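Here is a short report on one protein model. Look at the sequence and the fold first, then read on.

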Amino acid sequence: MHPNRLAISATAAIIFLSVISVSVSATELPPCPPLNLPVKAPLFVQQESTPTEQTYYELVTFNLTPGLLKPQLESLLKEHWQIQNFIWRAAHGHYWPTHYRMQAASWDELLEMLITPYQLRIALHANHTAVIDYLPEQGGVK
């Protein structure tokens, strides 16, 4: 290699390194402060609003009397589901034994509570007809 070329390349390397070190030192950021988190920091913070007034839901109520279940169930379906026709595929002799006030959060829940002990199901149709029969596991229509 020619001696002048070696001197030029060494000089170029020194200049190059000084430019790089100046540009790197000029862009350095101050060190970040330490991240101090509490030991049990929640992952998500949700704002909890405290209600000014406690909400109470009004329960629906239906009074049952000792007697056949069929007329009482039909009365409930007529009043709250506007059912006009009933097709009974279950026994007509189911009996409600006592005076009882049944309460639930909705009419659907109340109806479910009423028919469950008898293993009944009710299919409500758009033409205001209800079909009352037994659950399939109990020998009803499959």
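## His 94 and its surroundings

His 94 is buried: its relative accessible area is 18%, and the cut-off for buried is under 20%. The model is a predicted one. His 94 sits in the loop between strand S3 (85-88) and S4. Neighbours within four places in sequence aside, His 94 is in contact with Gly 67, Leu 68, Leu 69, Lys 70, Tyr 118, Leu 120 and Tyr 134.

One of those partners is Leu 68. Leu 68 belongs to strand S2 (residues 67-68). Leu 68 is partly exposed, at 42% relative accessible area. Beyond its neighbours within four places in sequence, Leu 68 contacts His 92, Gly 93, His 94 and Tyr 95. Leu 68 and Tyr 95 are 27 residues apart along the chain, yet their C-alpha atoms are separated by 4.4 Å.

## The overall fold

How many helices and strands does the protein have? There are 3 helices and 7 strands. Along the sequence they follow the pattern α-β-β-α-β-β-β-α-β-β. The protein has 142 residues, of which 22% count as buried. Take the contacts between residues at least 6 apart in sequence: 64% of them join residues at least 24 apart.

## Helices H2 and H3

Helix H2 covers residues 69-81, and helix H3 covers residues 107-115. Their axes come within 12 Å and cross at roughly 170°. Angles over 145 degrees count as roughly antiparallel, so H2 and H3 are roughly antiparallel to each other. The crossing of H2 and H3 is left-handed.

Which residues make the contact between H2 and H3? From H2 come Leu 69, Leu 73, Leu 76, Leu 77, His 80 and Trp 81. From H3 come Trp 107, Asp 108, Leu 110, Leu 111, Leu 114 and Ile 115. By class, this contact has 10 nonpolar, 1 polar and 1 charged residues.

The buried residues of H3 are Leu 110, Leu 111, Leu 114 and Ile 115. They lie on the same side of H3, because they cover an arc of only 120° around the axis. The cover over these buried residues includes H2 as well as strands S1 (60-64), S4 (95-96), S5 (100-104) and S6 (120-125).

## Three loop residues

Thr 65, Gln 82 and His 128 each get a row below.

| Residue | Loop | Relative accessible area |
|---|---|---|
| Thr 65 | between S1 and S2 | 36%, partly exposed |
| Gln 82 | between H2 and S3 | 45%, partly exposed |
| His 128 | between S6 and strand S7 (129-134) | 35%, partly exposed |

Thr 65 touches Gln 72, Trp 96, Thr 98 and His 99, not counting residues up to four places away in sequence. Thr 98 is 33 residues from Thr 65 along the chain. The C-alpha atoms of Thr 65 and Thr 98 are separated by 5.7 Å.

What is the sign of phi in Gln 82, positive or negative? Phi of Gln 82 is near 55°, a positive value in a residue other than glycine. His 128 also has a positive phi, near 65°, and is a residue other than glycine.

Notes:
Residues numbered from 1 in each chain as written. Predicted model: local features only at pLDDT ≥ 70, side-chain atom pairs only at ≥ 80, totals over all residues. Heavy atoms only, no water. Axes fitted to C-alpha atoms, helices over the stretch in contact; angles between N-to-C directions. Helix = DSSP H or I, 4+ residues; strand = E, 2+ residues; numbered from the N terminus. Parallel < 35°, antiparallel > 145°, perpendicular 65-115°, else oblique. Left-handed = near helix turned anticlockwise from the far one by under 90°. Contact = heavy atoms within 4.5 Å. Nonpolar A, V, L, I, M, F, W, Y, C, P; charged D, E, K, R; others polar. Buried < 20%, exposed > 50% of the residue type's maximum accessible area, 1.4 Å probe, protein only. Arc of directions from axis to C-beta.
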